[in-house]
Amino acid sequence: MTHSKFKFNILDFFKYLSLIIGVFVVLFPPYVVIVNAFKSTDEFNSSSSMALPKNFLNFDNFIAVFQRGGLLSGFGNVLIIIVITLTLNILFGTMVAFVLGRFSFKLKPIVFGAYLVATIIPSITTQVATFGIIKNMGLYNTLGAPIVLYIGADVIQIILYLQFIRNIPVDLDESAMVEGASLFKIYRSVIFPLLTPATATLIILKTISIYNDMYIPYLYMPKQSLGVVTTVLMRFQGVNSGEWNLICAAILLILLPTIILYFFLQRYIFEGVTSGAVK
């Protein structure tokens, strides 16, 4: 009895120890960002990066981020990219899923296989060709470059939509055809409204993905006026050093919209993913 109780306590100890370590790993980076966002340059250079600031009401760093870094312009640019991209992405994704889910044709396996192959190929291996195409299209250093690169529907999106479409009775399509509805009318009035849960999930996930992406905006939009929230951070980083208190303030401001979005819409993320999951 004593031995089993001792063994149980040891297991509990390691269980709670692993939980404490996990909490520390998750919360330590946000803690460092928050405490350093309120420090002046002199205070940051003279104190530990883990020490609390002297004044949590020091908002000079946040003002400097907007004035010197152009963070407000960055928010505006990324908002334009997200709105246009999601509109076209959802339109293309639902149409492709409608065709693959409702029609049988010889090239259907090839079309679906093409999406799988595109996922397997590392994107870094195609960047030279992609860059050349974007430049020849006249989209380099414009907001159109990331929009064109983001609007393509990926295989995960197609699979998620297909799971929902397969749960929509074909009888609805047939009833609409009897009433004289065209295929586009069926898509617009029957299929698309019933894909709302999947669409809501994809809007959230893709918004966060585009919002956090730095590589594509940095590569295709080097112009200062076309900066987005992620590339704004680089304006406070020099060759040998960076203004880390300003970078922390900018990171904190950039994180707020995604945190708010997640807290309010996390229910749709879990419901959409679980409803469309492949059993």
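User: I'd like to start with Arg68 and Glu243: what do they form, and how far apart are the closest N and O atoms?

Analyst: Good place to begin. Arg68 and Glu243 form a salt bridge, and their closest N and O atoms lie 2.7 Å apart. Please keep in mind that this is a predicted model. The general idea is that side chains of opposite charge can pair when their charged atoms come close.

User: Which parts of the chain does that pair tie together?

Analyst: Arg68 sits in helix H3 (residues 60-69), while Glu243 belongs to the loop between helix H13 (229-232) and helix H14 (244-275), so the pair ties together parts that are 175 residues apart in sequence. As for its surroundings, Glu243 is partly exposed, with 29% relative accessibility.

User: How many salt bridges does the count come to?

Analyst: The count comes to two. Arg102 and Asp173 form a salt bridge too, with 2.7 Å between the closest N and O atoms. Here Arg102 is in helix H4 and Asp173 in helix H9, so this pair links parts that are 71 residues apart in sequence.

User: Are Arg102 and Asp173 buried or exposed?

Analyst: The cut-off to remember is that buried means under 20% relative accessible area. Arg102 has 17%, so this residue is buried. Asp173 has 6% and therefore also counts as buried.

User: Let's turn to helices. How should I read the length of H10?

Analyst: Compare an expected span with the one in the model. At 1.5 Å a residue, the 12 residues of helix H10 (residues 183-194) should span 16 Å, and the end C-alpha atoms are 16 Å apart, so the two agree.

User: Which residues of H10 are buried?

Analyst: They are Ile186, Tyr187, Val190 and Ile191. Seen down the axis of H10, the buried residues fall within an arc of 125°, so they line one face of the helix. The general idea helps here: an α-helix has 3.6 residues a turn, so residues three or four places apart point the same way.

User: What covers the buried residues of H10?

Analyst: The cover includes helix H4 (71-102), helix H8 (155-166) and helix H9 (170-178).

User: Could we look at a single residue in a helix? What does Thr199 touch?

Analyst: Thr199 is in helix H11 (residues 196-212). Setting aside residues up to four places away in sequence, Thr199 touches Ile90 and Tyr161. With a relative accessible area of 10%, Thr199 is buried. Its C-alpha atom is 12 Å from that of Leu88, a residue 111 places away along the chain.

User: And which residues are in contact with Phe66?

Analyst: Apart from neighbours within four places in sequence, Phe66 is in contact with Leu71, Leu72 and Leu253. Phe66 lies in helix H3 and is partly exposed, at 36% relative accessibility. The C-alpha atoms of Phe66 and Leu233 are separated by 11 Å, though these residues are 167 apart along the chain.

User: On the surface, which residues make the nonpolar patch?

Analyst: Ile10, Phe13, Phe14, Leu17, Ile21, Phe24 and Val25 make a nonpolar surface patch of about 690 Å². Take Leu17 as an example: this residue is in helix H1 (residues 2-37) and is partly exposed, with a relative accessible area of 34%.

User: One last feature: what is the phi of Asn141?

Analyst: Phi of Asn141 is near 65°, a positive value in a residue other than glycine. You will find Asn141 in the loop between helix H6 (127-136) and helix H7 (144-150). Asn141 is partly exposed, with a relative accessible area of 22%.

Terms used
Residues are numbered from 1 along each chain as its sequence is written. This is a predicted model: local features need pLDDT of at least 70, side-chain atom pairs count only at pLDDT 80 or more; totals for chains, interfaces and linings use all residues. Side-chain values use heavy atoms; hydrogens and water are left out. Helices (H or I, at least four residues) and strands (E, at least two) are DSSP runs, numbered from the N terminus. Buried means under 20% relative accessible area, exposed over 50%, partly exposed in between (1.4 Å probe, protein chains only). Contact means heavy atoms within 4.5 Å. The expected span of a helix is 1.5 Å times one less than its number of residues. The arc is that of the directions from the helix axis to the C-beta atoms. Patches are made of residues with over 30% relative accessible area and no salt bridge: like charges are joined within 9 Å, nonpolar side chains (Val, Leu, Ile, Met, Phe, Trp, Tyr) within 5 Å. Accessible areas come from the Shrake-Rupley method with a 1.4 Å probe; for residues, only the protein chains shown count as cover. A salt bridge is a side-chain nitrogen of Lys or Arg within 4 Å of a carboxyl oxygen of Asp or Glu.
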